[in-house]
Every structure is written in C-alpha cells, then in structure tokens.
Amino acid sequence: MFDHTDLAKLQAQSLKMQGYIRQQTYSPEMEKTLRRFSSWEVAELIFKMNPSTLRGRLAADPSLPEGLVEEDGRQRWYTLDEINALRRKMKVKNRTLMPPRPAGKRAIRAAIANFKGGAGKSTVALHFAHAAALDGYRVLCVDFDPQATLSHSMGLSDVVEEYTVWGIMARDLIRETERMNNAPAGAESGTALPRRTLPAAVTGMGLSDLRVADFIKPTSWPTIDLIPSCANAAFVEFASAQYRHLNPEWSFFASVSRYLDQLPDDAYDLIIFDCPPAIGYQSMNAVFAADVLYIPSGPGYWEYDSTTSFIGQLSEALEDLGRFKGGLPDGSNVEKAFLDLKFLLTRYEPNNDLHRAMRSAFGQVFKGHVAEHPIEMTRAVEQSGRFLSSVYEIDYRQMTRETWRRARASFDRAYDEFRDNLVVAWDKMEG
C-alpha cells in the first residue's frame with residue numbers, strides 16, 4: 001500500500017536529482033547565467049547584416065561596445081546589454097535596428113494555451129521570449145502552470161506561492177471585495193450589493209499590501225522578467241472555488257488583467273503567458289487578459305483531436321463568462337475577443353508522411369489561422385530540454401554548428417511570424 005508519505009519520500013528523492021541537474025547546468029553559484037553571443041551571431045542572426053559590415057562599423061566608431069575578444073583575436077563575444085547598445089546606436093541602410101512597436105500603446109499580451117500535455121506550450125513560450133529579447137524587446141513572462149517548467153527553465157526554482165498568479169488572484173479578491181463594499185450602489189437599478197466578509201485566513205496573509213512589482217522577478221536575461229509559478233500553486237484551483245463562494249460578485253477571471261493594467265504602458269513590450277494543460281481559474285485568467293491566442297499542437301491525430309476539444313471547451317467557457325452576474329468595475333460587459341488566433345504545429349518532422357498529412361488537415365480546417373512555419377523536431381531541440389535551456393541559450397560550439405543552426409532557424413522562422421502577427425494585432429489595439 002502507498003499513501004501520501006510514500007509520495008512525499010519520492011518527491012524528496014526527485015528534488016535531490018533536480019538539484020544535481022541544476023548544479024551540472026547552472027553556474028557554480030547555482031544561478032542560471034546568460035552566455036555571450038559571438039559577433040557572427042550578432043551580425044548574421046540577430047541584426048541580419050553581413051559580418052564584415054559589423055566589423056567595419058566597429059572599426060569606424062570606437063564608442064561602440066567592443067565585446068570580449070577571444071585569445072586568438074578572431075571572434076568577439078557580446079553580452080545582451082552590449083548587443084542592445086549596438087542596436088540603439090547603429091543603423092543599416094538608414095534602417096533602425098530597434099524592433100517595431102506602436103507608439104502610445106501598452107505591451108501586447110499573447111497566451112500560449114492548449115490543454116493537451118506535451119503540446120510544447122512551455123517550449124514555445126520560452127523560445128519566443130528569448131527570441132523577442134534578442135530582437136530588442138522587453139519581455140514579461142507569466143507562468144500560470146503549477147508544473148513551473150517555464151520558471152525552472154528561466155532559473156527560478158525557489159518560489160513562494162504567495163508571489164505567483166495565486167497571490168495575484170487572492171490580492172485581487174481582497175481589493176475587489178473592499179471596492180464593492182465601499183461602493184454606494186451596485187447594479188444599474190441602484191440596489192446596494194450585499195456586504196461580503198472575507199475570513200482572516202485570506203485577509204491576514206498581507207497580500208493586499210504587496211506592490212505590483214513584488215510579484216515580478218528578474219531572470220538571467222536582462223530584458224526578461226517573470227511572474228513565476230511553483231508546485232504549491234497547484235491548489236489555486238481549489239482556493240479559487242472557495243474564493244468565488246466568499247464573494248460571488250468577484251470577477252475572478254479578470255484578476256490578472258486588472259493586475260497587468262497597473263503596469264506602466266512602457267514597462268514592457270511583450271507579455272507572454274504560459275498556460276496550464278487545463279481550462280480552469282488560472283488558464284481563464286490568462287485567456288481573458290490575452291490580446292492574442294496561440295495554440296500549439298503536435299502533428300499527430302490525437303493532438304488534433306485534443307486541440308479540437310480544447311477550442312470547443314474554451315468557446316463554452318468564454319460564453320459562460322458572458323453570463324457573469326457580478327459585472328466589471330468599469331461597468332463593461334464580459335465579452336472576450338482576440339485580436340488574432342493562431343494554431344502552431346510543434347515537434348514537426350517535414351519528412352514524416354503522417355505529419356505532412358496532419359499539417360494539411362489543420363490547414364483545411366483552420367485555414368488562415370494556422371501558422372505557416374511549424375517548429376521542427378531536431379536533435380538540438382531535444383538537447384535544449386536536457387540542458388534546461390532554449391536553443392538560443394546553447395552555445396553552438398557544444399554541438400555541430402549545422403545541427404544548432406537548423407534548430408535555431410526553425411524557431412527563428414516561427415518567432416518572426418509570431419512577431420509580425422503581433423505587430424499587426426498591436427496596430428488594431430486601442431491606445
């Protein structure tokens with residue numbers, strides 16, 4: 001017979017192994033550090049320019065960052081901060097190297113969602129965040145998944161649940177309840193809403209006093225921040241059901257959206273959500289806050305079947321929100337619409353007949369909503385998972401350059417399409 005104590009022992013053993021893996025992967029201080037990028041990478045893959053052109057600019061302008069020179073003097077290596085300094089100071093054929101961003105608008109938010117486990121949600125979120133940072137964007141990632149794969153990949157493993165999405169939701173419950181209790185009247189009829197009393201178990205945690213910045217943690221990438229998750233945050237689904245009972249008028253699904261609205265418009269450019277493999281309180285918060293919805297799916301029939309179920313259940317959940325009785329603080333109706341919706345095939349093998357057939361099926365059904373560039377399965381992608389890193393973090397000298405470059409090219413194409421779709425959606429977004 002096995003009970004909870006046996007499960008606890010197994011977890012303790014697994015945590016020891018996790019510590020060993022991080023020790024082999026991270027720096028001696030057990031902190032994840034970001035590598036430098038070669039001048040070849042900076043020129044050809046990041047700035048999309050001839051390496052000789054970059055060398056000429058560096059020679060002509062001594063004020064530009066010099067990077068770290070190899071002992072043989074052949075290659076320079078740059079930090080991301082130095083790359084961004086180059087980006088701000090240089091132009092190519094009178095073209096700025098800064099990425100496109102509509103003026104006067106807040107950061108655009110993209111949710112990576114599907115309730116099929118193993119669809120590649122965390123992998124896509126991680127790689128798109130890293131690619132966006134190399135593209136010059138300031139990125140905030142929000143890890144909604146209690147499995148915390150994205151948080152661990154970003155180097156955050158010692159996280160307290162109060163500083164996760166659960167803490168944001170509990171904080172919002174307290175603040176929204178206080179707002180409703182202090183409001184002179186409720187519905188349009190003027191009928192006063194009933195006063196709601198929250199137990200000390202909720203109000204006594206000190207969450208209402210936390211600032212917006214308290215939930216945001218830095219990562220090894222200087223232009224990527226993260227609202228992390230942890231395994232203990234898994235109870236948010238149970239807690240949220242209790243919270244709704246305490247205050248039925250609380251628009252629980254808008255908690256994260258309200259939180260993000262408190263950020264300055266220019267604090268970030270992109271906000272990327274990594275969603276759990278389920279439709280629940282956390283994933284509905286992500287969906288409600290998102291401007292764009294990206295749905296990754298493997299290229300097999302069962303993945304297609306699961307994705308079909310996901311969009312059906314998501315449709316029903318969004319329809320249910322339209323019947324929510326509590327109302328939003330600004331008096332608006334609960335109607336959720338996305339500026340864009342895309343299906344992205346992952347783990348795709350172009351020489352696999354089944355994968356090609358399923359890609360055709362996706363295209364026939366979802367038509368223009370299918371991303372043109374799938375993410376291909378390569379050995380470098382498999383190794384990136386083993387190293388707790390993205391392809392962008394792996395030094396190409398750790399494998400053959402062609403293997404590394406093929407994997408990066410697949411993510412580059414997928415990211416470029418992702419960015420172009422976001423820019424179009426961004427232009428549609430109200431200022």
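**Exercise 1. Gln75 and its surroundings**

Task: Decide whether Gln75 is buried or exposed, then find what its side chain reaches.

Solution, step by step:

1. Start with the accessibility: Gln75 has a relative accessible area of 15%. The cut-off for buried is under 20%, so Gln75 counts as buried. Keep in mind as you work that this is a predicted model.
2. Next, place the residue in the fold. Gln75 belongs to the loop between strand S2 (68-69) and strand S3 (76-78).
3. Now look for polar partners. The side chains of Gln75 and Ser39 are joined by a polar contact of 2.5 Å. The Gln75 side chain also reaches the backbone nitrogen of Trp40, at 3.5 Å.
4. Finish with the wider surroundings. With neighbours within four places in sequence set aside, the contacts of Gln75 include Ser38, Leu68, Glu70 and Tyr396.

**Exercise 2. Charges over rings**

Task: Which ring lies under the charged end of Arg401, and which under Lys217?

Solution, step by step:

1. Trp40, which we met as a partner of Gln75, is the place to begin. The charged end of Arg401 sits over the ring of Trp40, 4.1 Å from its centre.
2. Lys217 lies over the face of Tyr163, and here the distance to the ring centre is 4.7 Å.

**Exercise 3. Aromatic pairs**

Task: How many aromatic pairs does a search of the whole structure find, and what geometry does the pair Phe128 and Tyr294 have?

Solution, step by step:

1. Searching the whole structure gives 25 aromatic pairs.
2. One of them joins Phe128 and Tyr294, with 6.1 Å from centre to centre and 80 degrees between the planes. Angles over 60 degrees count as edge-to-face, and that is the class of this pair.
3. Then ask what the pair connects. Phe128 is in helix H5 (residues 121-134) and Tyr294 in strand S11 (residues 292-297), so the pair ties together parts that are 166 residues apart in sequence.
4. Check burial for each partner. Phe128 counts as buried at 1% relative accessibility, and Tyr294 is buried with a relative accessible area of 1%.
5. Turn to Phe253 and Phe288. Their ring centres are 5.0 Å apart with planes at 70 degrees, so this pair is edge-to-face. Phe253 lies in the loop between helix H9 (236-246) and helix H10 (255-261), whereas Phe288 is in helix H11 (residues 281-289), so the pair ties together parts that are 35 residues apart in sequence. Both Phe253 and Phe288 are buried.
6. Follow the ring pairs outward: they link Phe253 and Phe288 into a cluster with Tyr243, Trp250, Phe252 and Tyr281.

**Exercise 4. The two sides of helix H13**

Task: Which residues of H13 are buried, and which exposed residues does the face turned away from its buried side carry?

Solution, step by step:

1. Begin with the length. Helix H13 (residues 353-366) has 14 residues and spans 20 Å from its first C-alpha to its last, close to the 20 Å expected at 1.5 Å a residue.
2. List the buried residues of H13: His355, Met358, Phe362 and Phe366. These cover an arc of only 65 degrees around the axis, which puts them on the same side of H13.
3. A general rule helps with the spacing: an α-helix has 3.6 residues a turn, so residues three or four places apart point the same way.
4. See what this side meets. The buried residues of H13 pack against S11, helix H12 (301-321) and strand S12 (340-345).
5. Turn to the face pointing away from the buried side, where the exposed residues Asp353 and Gln364 are found.
6. Close with the ends. Asn352 caps the N-terminal end of H13, with a side-chain oxygen 2.9 Å from the backbone nitrogen of Leu354. Just after H13, Lys367 takes a positive phi of about 50 degrees.

**Exercise 5. Leu126 and the whole chain**

Task: Which residues does Leu126 touch, and what share of the chain is made up of buried residues?

Solution, step by step:

1. Leu126 lies in helix H5 and is buried, with a relative accessible area of 5%.
2. Not counting residues up to four places away in sequence, Leu126 touches Leu150, Ser153, Met154, Ser389 and Ser390.
3. For the chain, buried residues make up 52% of the 431 residues. Its secondary structure comes to 15 helices and twelve strands.

Methods:
Residues numbered from 1 in each chain as written. Heavy atoms only, no water. Phe/Tyr/Trp six-rings, centres within 6.5 Å; stacked < 30°, edge-to-face > 60°. Helix = DSSP H or I, 4+ residues; strand = E, 2+ residues; numbered from the N terminus. Buried < 20%, exposed > 50% of the residue type's maximum accessible area, 1.4 Å probe, protein only. Lys NZ or Arg CZ within 6 Å of the ring centre and 35° of its normal. Expected span 1.5 Å × (residues − 1). Arc of directions from axis to C-beta. Contact = heavy atoms within 4.5 Å. Polar contact = N/O pair within 3.5 Å; in protein donor to acceptor, adjacent residues only side chain to side chain.
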